[in-house]
Number of protein chains: 2
Amino acid sequence: MISAEILTDALKKAGMRITPQRIAICRLLSQTDSHPTAAMLYDEIRREYPTISLATVYNTLDALVGLGMVNVLGSAGDGKVHFDADISPHVNLACTHCHKIIDLPSVRMSRIESEVSQISNYALQGARILYYGLCPQCQTINNQK
Amino acid sequence: MISAEILTDALKKAGMRITPQRIAICRLLSQTDSHPTAAMLYDEIRREYPTISLATVYNTLDALVGLGMVNVLGSAGDGKVHFDADISPHVNLACTHCHKIIDLPSVRMSRIESEVSQISNYALQGARILYYGLCPQCQTINNQK
DNA sequence: TTTTGTGCAAACGTTTTGCAATTAT
DNA sequence: ATAATTGCAAAACGTTTGCACAAAA
């Protein structure tokens with residue numbers, strides 16, 4: 001969990017203007033661990049700013065991703081792109097039935113990251129460590145969608 | 001690198017019919033390590049079957065993914081879904097500039113997988129281990145897209 | 001022969017874009 | 001003041017779907 005100011009400060013340092021909409025997006029991103037999609041953020045922010053557009057959400061997300069402040073997790077089997085404001089190298093775990101994504105901060109990935117870095121000569125910018133399967137609930141409930 | 005027969009056999013065992021189009025898709029998947037998208041496979045197969053449709057490619061890919069024979073890597077920053085016929089747990093490395101994806105089979109992930117399995121109680125089905133950054137070429141070339 | 005798969009085209013949902021009006025600086 | 005950002009609408013893109021025809025079993 002990160003503070004919203006770290007995100008807005010990053011935008012400011014990059015020469016971008018701090019608008020109420022962007023503050024709201026940064027606040028939501030920093031406060032959630034639900035790996036939201038653009039549409040989820042949009043729906044949430046519309047309560048406060050009924051006229052905000054999806055384009056603004058995408059615009060801000062792109063900027064934050066470009067600054068390395070937000071990770072793109074990709075689809076969780078639902079065809080939508082999920083975002084994660086926790087950029088520390090950690091394992092994400094997606095349920096292929098209910099499409100929820102949780103974090104597994106207890107699994108240490110730093111050793112893997114340094115290995116990848118050494119072997120590849122890539123200038124690493126981030127990682128998506130996503131395991132997927134059925135969560136305990138979706139295993140027990142007789143889940144035929 | 002897997003043999004095409006393993007893929008076609010899996011389709012057959014699942015009760016699906018073996019058509020020339022599906023054989024071609026399985027052959028391409030098994031012969032490449034380029035983590036193709038549906039469109040890439042489509043373009044390639046069209047040389048041999050000019051009338052094949054994208055729908056058939058998606059249909060077959062979905063079946064193979066459903067059977068656990070093919071992994072969905074997700075987007076490499078290009079907005080397209082990349083597929084991988086190598087389902088062993090290994091690190092993938094994507095370049096955020098040229099959008100190529102390579103494998104790093106030397107980095108061992110089996111320990112991480114068992115850790116995830118123990119901690120989470122999920123019925124694991126697979127993993128997408130994707131690091132991203134700039135590949136050596138895209139670092140040196142003065143790359144402003 | 002029967003049932004599944006194919007190809008086409010149209011539909012879908014997410015994401016992107018163009019532009020005039022607005023707003024942060 | 002001025003330059004960036006917004007919101008809207010329309011467009012673009014990848015992917016999915018419906019259906020008549022073709023082909024595998």
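**How elements are named.** A helix is a DSSP run of H or I with at least four residues, a strand is a run of E with at least two, and both are numbered from the N terminus. Everything below comes from a predicted model, in which local features need pLDDT of at least 70, side-chain atom pairs count only at pLDDT 80 or more, and totals for chains, interfaces and linings use all residues. Residues are numbered from 1 along each chain as its sequence is written, chains are lettered from A and ligands numbered from 1 in the order in which they are written, and side-chain values use heavy atoms, with hydrogens and water left out.

**Chain A on its own: six helices and five strands.** Walk along chain A from the N terminus and the elements come as α-α-α-α-β-β-β-β-α-β-α. The C-alpha trace of chain A covers about 45 × 45 × 25 Å along its principal axes. Of the 145 residues in chain A, 41% are buried (under 20% relative accessible area with a 1.4 Å probe on protein chains only; exposed is over 50%, partly exposed in between).

**DNA strand D and the residues around it.** Here 20 residues surround DNA strand D (a heavy atom within 4 Å). The nearest are A:Thr19, A:Gln21, A:Arg22, A:Thr51 and B:Tyr58. On the DNA side, sugar and phosphate make up 76% of the strand D atoms that come within 4 Å of the protein. Now for the polar contacts (N or O pairs within 3.5 Å). The side chain of A:Gln21 puts a polar atom 2.9 Å from a sugar or linking oxygen of strand D. A:Arg22 has a side-chain N or O atom 2.9 Å from a phosphate oxygen of strand D, and for A:Asn59 the distance from a side-chain N or O atom to a phosphate oxygen is 3.2 Å. Two or more residues of this surface come from each of helix H2 (20-31) and H4 of chain A, and from helix H4 (54-66) of chain B. By type, the surface near strand D splits into nine nonpolar, seven polar and four charged residues (nonpolar: Ala, Val, Leu, Ile, Met, Phe, Trp, Tyr, Cys, Pro; charged: Asp, Glu, Lys, Arg; polar: the others, Gly among them).

**DNA strand C, with A:Tyr58, A:Lys80, B:Arg17, B:Thr19 and B:Arg22 closest.** DNA strand C has 20 residues around it. Sugar and phosphate account for 79% of the strand C atoms within 4 Å of the protein. Look at chain B for some backbone contacts: a polar backbone atom of B:Thr51 sits 3.1 Å from a sugar or linking oxygen of strand C, and one of B:Ser53 is 3.2 Å from a phosphate oxygen. B:Thr56 brings in its side chain, with an N or O atom 3.0 Å from a phosphate oxygen of strand C. At least two residues of this surface come from each of H4 of chain A, helix H2 (20-31) of chain B and H4 of chain B. The top contributor is H4 of chain A, with four residues. The residue types here are nine nonpolar, six polar and five charged.

**The largest pocket, about 1300 Å³ in volume.** A pocket is an open set of points on a 1 Å grid over the protein atoms alone, where a 1.4 Å probe fits and protein lies on both sides within 12 Å along at least five of seven lines; lining residues have an atom within 4 Å of a point. Its volume is the space filled by probe spheres on those points, joined across faces, edges and corners. There are 47 lining residues in the largest pocket, and A:Val72, A:Gly74, A:Arg128, B:Gly74 and B:Ser75 are closest to its centre. Both chains pitch in: strands E1 (71-74) and E5 (123-134) of chain A and of chain B each give two or more residues, as do helix H4 (54-66) and strand E3 (91-95) of chain A. The lining holds 19 nonpolar, 20 polar and eight charged residues.

**The second largest pocket, about 260 Å³ in volume.** This one has 17 lining residues, and those closest to the centre are B:Ser34, B:His35, B:Pro36, B:Thr37 and B:Met40. Helix H3 (residues 38-46) of chain B gives the most to this lining, with four residues. Its lining counts six nonpolar, six polar and five charged residues.

**Positive phi at A:His35 and at B:Asn121.** A:His35 is not a glycine, yet its phi is near 50 degrees. Find A:His35 in the loop between H2 and helix H3 (38-46) of chain A, where it is buried at 2% relative accessible area. B:Asn121, also a non-glycine, has a phi of about 65 degrees. That residue lies in the loop between helix H5 (110-120) and E5 of chain B, and B:Asn121 is exposed, at 53% relative accessible area.

Technical notes. A polar contact is a pair of N or O atoms within 3.5 Å; within protein, one must be able to donate a hydrogen and the other to accept it, and residues adjacent in sequence count only if both atoms are side-chain atoms.
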